[in-house]
Amino acid sequence: MNTPSSDRSQSNNESRLQKFVENAPAAIAMLDVQMRYLVVSRRWLTDYGLPETIVGQSHYDVFPLFQAWDAAEFDRHQTIYTQCLSANRAICTEEQWTRADGTIDWLRWEIQTWENDSGGVGGLIMFVETITETKRAERSLYAAKEAAEAANRAKSTFLANMSHELRTPLNAIIGYSEMLVEEAQDCGYTEIAPDLEKIRSAGKHLLSLINDILDISKIEAGRMDLYVERFEVAQLVAEVQNTIRPIVEKNRNHLHVSLAPNLGSMTADLTKVRQALFNLLSNAAKFTQQGRIEIDARREVVIDEETTSRRPQSYIVFQVSDTGIGMTPEQMENVFKAFDQADASTTRQYGGTGLGLAITRHFCQMMGGEIRVESELGAGSTFTIRLPARVRPLGKMEPIAPITPPAPTTPTTPTNTVLVIDDDPAVRELIVRRLKKEGFSIETAPTGKEGLQRARELCPDAIILDVLMRDMNGWSVLSALKADPALAEIPVIMSTILDDRNLGFTLGASDFITKPIDNQRLARLLSKYKKRKTKTTLPHQILIVEDDALLREMLRRMLDVAHWGTIEAENGREALEMLRSQTPDLILLDLMLPEMDGFEFLQQLRQTADWRSIPVVVVTAMELTTADIDRLDGCVSQIVQKGAYSRDELLRQVRDLLVESLSEDR
Amino acid sequence: MPKILLVEDNEMNRDMLSRRLERKGFEVEVAVDGVQGVEMAKARPDLILMDMGLPVLDGWQATTQIKADPRTSSIPIIALTAHAIAGDREKCLQAGCDDYDTKPVEFPRLLAKIQALLGTGG
């Protein structure tokens with residue numbers, strides 16, 4: 001029933017379709033199931049320099065490279081086409097392709113099946129795009145980014161090293177000028193003392209600037225660590241207040257301190273909180289004349305909606321406000337950015353690096369807190385720091401994998417028992433309450449006589465002994481304890497209000513603590529004995545795999561001092577051989593080793609079931625790439641960067657890691 | 001006259017500190033590394049000022065050795081560390097140091113600590 005008009009429209013359609021295919025600005029080809037060309041766009045011919053006569057020819061004949069050049073390539077492509085014929089579709093986002101003239105191009109292609117009239121697969125339609133230029137741009141961008149990052153790292157490292165170098169001569173300038181001030185005063189040269197004092201104070205100022213630069217470069221290089229400890233907030237504020245007083249008084253300002261009664265203690269990085277407060281207060285003092293500076297600290301308890309537990313969270317809030325020059329909204333926006341003071345003239349007028357607030361904000365963020373500012377030009381500024389009362393340590397030295405504790409060879413030791421001998425019930429109660437929290441089991445005795453009796457019954461792990469007791473003086477109790485062979489080995493901590501340590505030590509007390517008792521110090525003393533005890537029942541052996549003989553020797557001596565046994569190997573192969581005869585509790589591993597490097601060693605180590613649970617601490621001078629870290633992931637407990645630290649620091653850190661790893665055997 | 005052993009590897013710091021201490025009436029002996037420090041501690045000074053970043057044997061190890069030896073264990077030790085890093089204090093006390101101060105030394109503060117440990121003046 002073909003009418004002339006429908007005929008015309010059909011031929012119109014065909015011609016349009018023909019033009020559409022021919023002129024499509026893309027390389028497209030339609031092939032049958034035998035991979036013979038049916039239709040191609042002009043771009044297909046021009047892109048690959050092919051004649052129009054290819055229609056009807058096989059794809060493999062048109063691109064003879066498949067057969068003549070590379071049989072493997074031929075196989076690979078044939079597989080792709082065959083698979084695509086049954087799976088409908090194949091896409092490759094980038095592929096290298098060598099042209100007949102030898103030039104290399106990058107291609108992106110898509111292949112799709114087409115359906116014939118009877119509903120079967122008629123063949124393939126291919127689309128290929130040359131992405132060589134995009135690829136080239138991508139590569140150069142990546143290279144530029146890598147170079148920029150490397151340069152930035154190098155800059156931060158340089159700054160960190162340089163600041164350290166700058167401090168050494170500066171310490172001499174400060175120290176000697178300080179000495180000269182004293183000498184001038186002692187010898188009556190009072191007229192030169194003020195000049196010397198100026199040298200000293202300029203030196204101090206320069207030192208604080210250098211310290212700022214050191215901090216910011218450490219932050220940028222990702223080397224700033226967090227040391228979390230518990231401290232009294234009121235005590236910290238009092239300490240900062242003392243340090244800041246001369247600076248506040250310089251511009252005839254008044255400092256007001258208000259502390260909420262429920263402040264209590266917080267667990268955070270003491271040095272960083274102190275520095276943050278000091279920065280805020282010294283800024284306030286710098287930008288305020290004959291005004292009022294206020295520091296206000298309080299505790300806030302809120303139900304945190306974001307956490308699923310909905311447990312109340314405690315925050316410590318510090319607020320520092322002044323009646324100084326204030327800031328414009330534009331200045332407020334930039335105030336926390338590094339290298340960006342309110343404006344350049346500020347530096348000239350008020351001095352400073354302008355890094356203080358950037359550092360302060362970094363510190364707050366590291367501790368999971370925040371800092372905010374409110375200000376009005378000419379009226380003053382208020383800075384508010386809000387920190388979690390219990391900061392979680394999340395320093396950069398976090399283990400990549402959970403620490404595998406050394407396999408316990410003996411059942412874990414029962415709770416440590418401590419005997420407290422003190423005639424003051426309040427002291428007894430205080431110690432009991434405090435130490436129970438630390439996981440000790442506590443027994444008490446109100447007199448020296450009873451104390452001795454309980455000591456014989458209990459054979460405690462440690463004894464805390466009061467020096468001044470009514471019935472029998474503590475020293476006599478101590479002598480009696482040390483005279484009894486069954487009790488002589490028990491460490492005794494003397495608690496006293498008298499500073500009589502020499503007597504205590506000659507009598508055989510292992511430690512000494514003064515009243516009022518600092519609970520933290522006491523807990524620390526006891527945990528020392530706790531460790532010592534587990535060590536005697538479970539001698540630790542450490543395998544050192546390190547090619548630097550000096551470093552190896554230093555590690556060994558350090559470990560000897562701490563009563564750890566060591567075995568040594570110069571490279572991975574030697575280490576593996578040693579493992580065959582003995583199994584250490586921990587391995588200290590350098591990565592850059594001759595013969596068999598650290599990576600290979602780890603691989604082999606993890607393949608043997610018996611060795612898999614040995615914790616490995618990697619000590620490396622290499623800058624580890626992400627790929628390296630992936631290779632180490634799950635294999636090692638800790639990574640210590642050698643290059644980033646001096647040898648001393650490295651050793652110190654290794655020791656801490658060891659203590660940490662080894663004391664986790666609970 | 002109380003005798004102080006100063007263990008410090010930096011010549012300038014050693015010179016400054018020893019001269020200032022001498023002017024305050026102390027007798028000062030100096031050691032330049034940890035090994036020498038441990039050795040000289042056997043002469044039983046009244047107090048030891050120990051730099052922590054020492055060559056050969058560092059201050060932590062030297063302190064541990066001095067405190068482990070019954071002949072020298074009762075000598076009070078004040079640790080001096082170059083960086084005001086928190087955690088260092090903890091580490092010094094763990095090694096057995098009796099007190100701790102940061103470098104650059106603030107002399108009046110250090111003097112107060114020395115006097116407190118010696119039970120004199122201050």
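**Figure 1. Buried residues and the overall make-up of chain B.** In this predicted model, chain B has 122 residues, and 54% of them are buried. Its secondary structure comes down to 5 helices and 5 strands. Follow the chain from the N terminus and the elements come in the order β-α-β-α-β-α-β-α-β-α. Look at the contacts in chain B with a separation of 6 or more, and 57% of them turn out to link residues 24 or more positions apart. As for the outside, chain B exposes about 4,800 Å², with 50% of that supplied by carbon and sulfur atoms.

**Figure 2. Chain A at a glance.** Now for the other chain: chain A has 666 residues, 42% of them buried. You'll find 22 helices and 22 strands here. Among the contacts in chain A with a separation of 6 or more, 62% are between residues 24 or more positions apart. The accessible surface of chain A adds up to about 35,400 Å², and carbon and sulfur atoms own 52% of it.

**Figure 3. An open sheet of 5 strands in chain A.** Read across this sheet of chain A and the strands come in the order S2-S1-S5-S4-S3, with antiparallel pairing. Strand S2 (37-40) and strand S3 (89-98) of chain A sit at the edges, so each one pairs on one side only. From one strand to the next, the twist averages 25°. Helix H5 of chain A, residues 71-87, packs on the sheet and touches S3, S4 and S5 of chain A. The direction of H5 makes about 30° with that of S4(A).

**Figure 4. Zooming in on strands S4 and S5 of chain A.** How many bridges join strand S4 to strand S5 in chain A? There are 9 of them, running between residues 104-115 (S4) and residues 121-130 (S5), and the two strands are antiparallel. To find your place, pick out Leu107(A), which stands opposite Thr130(A) in S5(A).

**Figure 5. Two helices meet in chain B.** Helix H1 (residues 11-23) of chain B packs with helix H5 (residues 107-118) of chain B at an angle of about 60°, and their axes are 12 Å apart. Because of that angle, H1(B) counts as oblique to H5(B). The crossing in which H1(B) passes H5(B) is right-handed. On the H1(B) side, the residues at the meeting point are Leu17(B), Arg20(B) and Leu21(B). Facing them from H5(B) are Phe107(B), Leu110(B), Leu111(B) and Ile114(B).

**Figure 6. A helix pair in chain A.** Here are helix H19 (residues 572-581) and helix H20 (residues 598-607) of chain A, with axes that come within 9 Å and cross at roughly 20°. That angle is why H19(A) is called roughly parallel to H20(A). This crossing is right-handed. H19(A) brings Gly572(A), Ala575(A), Leu576(A) and Leu579(A), which meet Phe601(A), Gln604(A) and Leu605(A) in H20(A).

**Figure 7. Lys337(A) and its surroundings.** Where is Lys337(A) found? Look in the loop between helix H10 (329-334) and helix H11 (344-350) of chain A. Lys337(A) has a relative accessible area of 41%, so this residue is partly exposed. Leaving aside neighbours within four places in sequence, Lys337(A) is in contact with Gly354(A) and Ala358(A). Leu357(A) is 20 residues away along the chain, and its C-alpha atom is separated from that of Lys337(A) by 7.7 Å.

Notes
Residues are numbered from 1 along each chain as its sequence is written. Chains are lettered from A and ligands numbered from 1 in the order in which they are written. This is a predicted model: local features need pLDDT of at least 70, side-chain atom pairs count only at pLDDT 80 or more; totals for chains, interfaces and linings use all residues. Side-chain values use heavy atoms; hydrogens and water are left out. Helices (H or I, at least four residues) and strands (E, at least two) are DSSP runs, numbered from the N terminus. Buried means under 20% relative accessible area, exposed over 50%, partly exposed in between (1.4 Å probe, protein chains only). Contact means heavy atoms within 4.5 Å. Accessible areas come from the Shrake-Rupley method with a 1.4 Å probe; for residues, only the protein chains shown count as cover. Axes are lines fitted to C-alpha atoms, for helices over the stretch in contact, and angles run from 0 to 180 degrees between N-to-C directions. Angles under 35 degrees count as roughly parallel, over 145 as roughly antiparallel, 65 to 115 as roughly perpendicular and the rest as oblique. A crossing is left-handed if the near helix is turned anticlockwise from the far one by less than a right angle, and right-handed if clockwise.
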